[in-house]
Amino acid sequence: MPFDPAAQASGAGFACRAAGRAVRWALGLATAAMIVWLAVRSWDDLRSISLDVDAGALVAAVVVSTTATVCLALAWRELIGGYGTPLARRPAVRVWMLSQATRYLPTGLVPLAARAALAAPFGVRRAAAAASVVVETATLAGWAGLCAALWAPSDWLGSAGGWPARAVIGVGAAVGLVTLPWTLAGAGRWWQHIERSARRLPLRRRLSERLRSVTLTASPAAVWRAAVVDGCAVAQRLMAAVLLAAALLAVGADDVWLVAGAVAAGIVAGMVGITPAGLGVREVVVAALLAERFGVGEAAAFAVALRVLEFAHELVLLPASVMACRQRIHAPDSFRHQSHETGSAAP
């Protein structure tokens with residue numbers, strides 16, 4: 001039987017794609033199982049405390065929180081488009097949702113690798129996809145830090161609290177957000193300088209090609225758009241937290257900014273914490289900051305309910321985004337197949 005290199009290459013490519021698909025499915029199922037387990041565990045803690053639930057405010061919190069998650073995915077779409085790879089909405093939401101779910105797995109490197117692997121089939125450079133996770137995290141931390149500096153309780157920084165510390169954090173967050181496009185542009189020029197310098201080395205060809213593959217240049221306008229949409233998403237997350245507090249606690253008009261500031265401080269603490277997705281860290285910070293106003297039990301119940309709310313709408317959006325993207329991808333394939341048959345039958 002004659003040796004066919006093309007057939008062998010095709011078979012190897014199919015095996016690699018099948019193995020990659022199996023790994024992605026295994027990772028997705030493991031992540032979904034972990035989210036369900038954490039949701040059930042948190043729900044048991046929540047039910048141990050008696051709360052009067054306002055159904056209307058709870059539904060509003062779910063809607064606003066879900067909208068915030070979609071806005072985060074669209075902000076990533078704007079950002080990755082700035083790196084030269086525009087994506088349609090459905091594939092962008094699918095990639096973002098699947099990679100975002102992996103943040104519950106140990107180590108912070110899993111979301112970077114997952115987003116790079118999931119975005120690669122759509123033509124997105126792996127370096128750009130991984131860098132987008134870092135930029136996105138820094139942007140969200142900046143917006144949350146700005147909100148925490150404005151509205152968090154006075155003791156949220158412990159002994160280092162007070163208006164000077166608030167001013168430093170708030171000004172630093174604002175300056176970081178405003179200068180983000182220029183910061184990324186400077187990083188891109190830095191990589192280009194390294195690439196030019198690498199050409200003088202003995203192994204300049206291989207090293208230069210390696211560095212060129214990770215040279216990143218983002219459009220300032222796209223970075224601005226992504227930062228603005230991320231800011232809207234953070235505002236919606238805080239609004240959802242206030243609505244959830246209104247559904248579970250006796251919240252007055254004066255407590256709106258208190259709850260928003262405490263949740264913003266919890267978001268910042270969770271981002272810099274060592275646990276996956278800030279599990280436990282965010283809840284402790286939020287409960288501690290609200291305990292004086294609502295009591296330890298009610299504040300802890302609210303912090304856990306906030307995490308359960310996040311789990312709940314992610315469990316709905318994750319499969320919905322995957323199925324919507326699958327339908328969108330399969331429809332054009334079948335249409336092209338029919339068109340090809342029609343064209344072949346034509347004289």
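Here are some worked exercises on a predicted model of a protein chain.

**Exercise 1. Get your bearings: how many helices and strands does the protein chain have, and what share of its residues count as buried?**

Step 1. Start with the secondary structure: it comes to twelve helices and zero strands. Reading from the N terminus, you just get α after α, as in α-α-α-α-α-α-α-α-α-α-α-α.

Step 2. Now for burial. The protein chain has 347 residues, and 40% of them count as buried.

Step 3. Finish with the contacts. Take those between residues at least 6 apart in sequence: 72% of them join residues at least 24 apart.

**Exercise 2. Work out how helix α5 packs on helix α6: what are the angle and the axis distance, and which residues make the contact?**

Step 1. Two numbers do the job here, as a packed helix pair is described by the angle between the axes and the distance between them.

Step 2. Find α5 at residues 126-151 and α6 at residues 163-178. Their axes are 8 Å apart, and the packing angle is about 145 degrees.

Step 3. Check the hand: the crossing of α5 past α6 is left-handed.

Step 4. Pick out the residues. From α5 come T139, G142, W143, G145, L146, A148, A149, L150 and W151. From α6 come R166, I169, G170, A173, A174 and L177.

Step 5. Sort them by class, and this contact has ten nonpolar, four polar and one charged residues.

**Exercise 3. Take L72: is it buried or exposed, and which residues does it touch?**

Step 1. Place L72 first: it sits in helix α2, residues 55-82.

Step 2. The relative accessible area of L72 is 6%. The cut-off for buried is under 20%, so L72 is buried.

Step 3. Skip residues up to four places away in sequence, and L72 touches W96, E136, L140, D230, A233 and R237.

Step 4. Pull out one of those partners, W96. L72 and W96 are 24 residues apart in sequence, yet their C-alpha atoms are 8.4 Å apart in space.

**Exercise 4. Do the same for S99 and A303: which helix holds each, and what does each one touch?**

Step 1. S99 belongs to helix α3, residues 89-101. With a relative accessible area of 1%, S99 is buried.

Step 2. Leaving out residues up to four places away in sequence, the partners of S99 are P111, A114, R115 and L118.

Step 3. Over to A303, which is in helix α12, residues 296-345. A303 counts as buried too, at 4% relative accessibility.

Step 4. Beyond its neighbours within four places in sequence, A303 is in contact with E283, V286 and A287. For A303 and A287, the gap is 16 residues in sequence and 5.9 Å in space, C-alpha to C-alpha.

**Exercise 5. Hunt for empty space: how many cavities of 30 Å³ or more are there, and which residues line the largest cavity?**

Step 1. Searching the whole structure turns up one cavity of 30 Å³ or more. The volume of the largest cavity is about 30 Å³.

Step 2. Go round its lining: L79, V135, T139, L180, V223, A226, A227 and D230.

Step 3. Ask which elements supply two or more of these residues: they are α5 and α9 (220-248). α9 gives the most, with four residues.

Step 4. By class, the lining has six nonpolar residues, one polar and one charged.

Step 5. Link back to earlier exercises. T139 is part of the α5 contact with α6, and T139 also lines the largest cavity. D230 touches L72, and D230 is in that lining as well.

How values were computed. Residues numbered from 1 in each chain as written. Predicted model: local features only at pLDDT ≥ 70, side-chain atom pairs only at ≥ 80, totals over all residues. Heavy atoms only, no water. Axes fitted to C-alpha atoms, helices over the stretch in contact; angles between N-to-C directions. Left-handed = near helix turned anticlockwise from the far one by under 90°. Contact = heavy atoms within 4.5 Å. Nonpolar A, V, L, I, M, F, W, Y, C, P; charged D, E, K, R; others polar. Buried < 20%, exposed > 50% of the residue type's maximum accessible area, 1.4 Å probe, protein only. 1 Å grid on protein atoms, 1.4 Å probe; cavity = no way out; pocket = protein on both sides within 12 Å on 5 of 7 lines; lining within 4 Å. Points joined across faces, edges and corners; volume = space filled by probe spheres on them.
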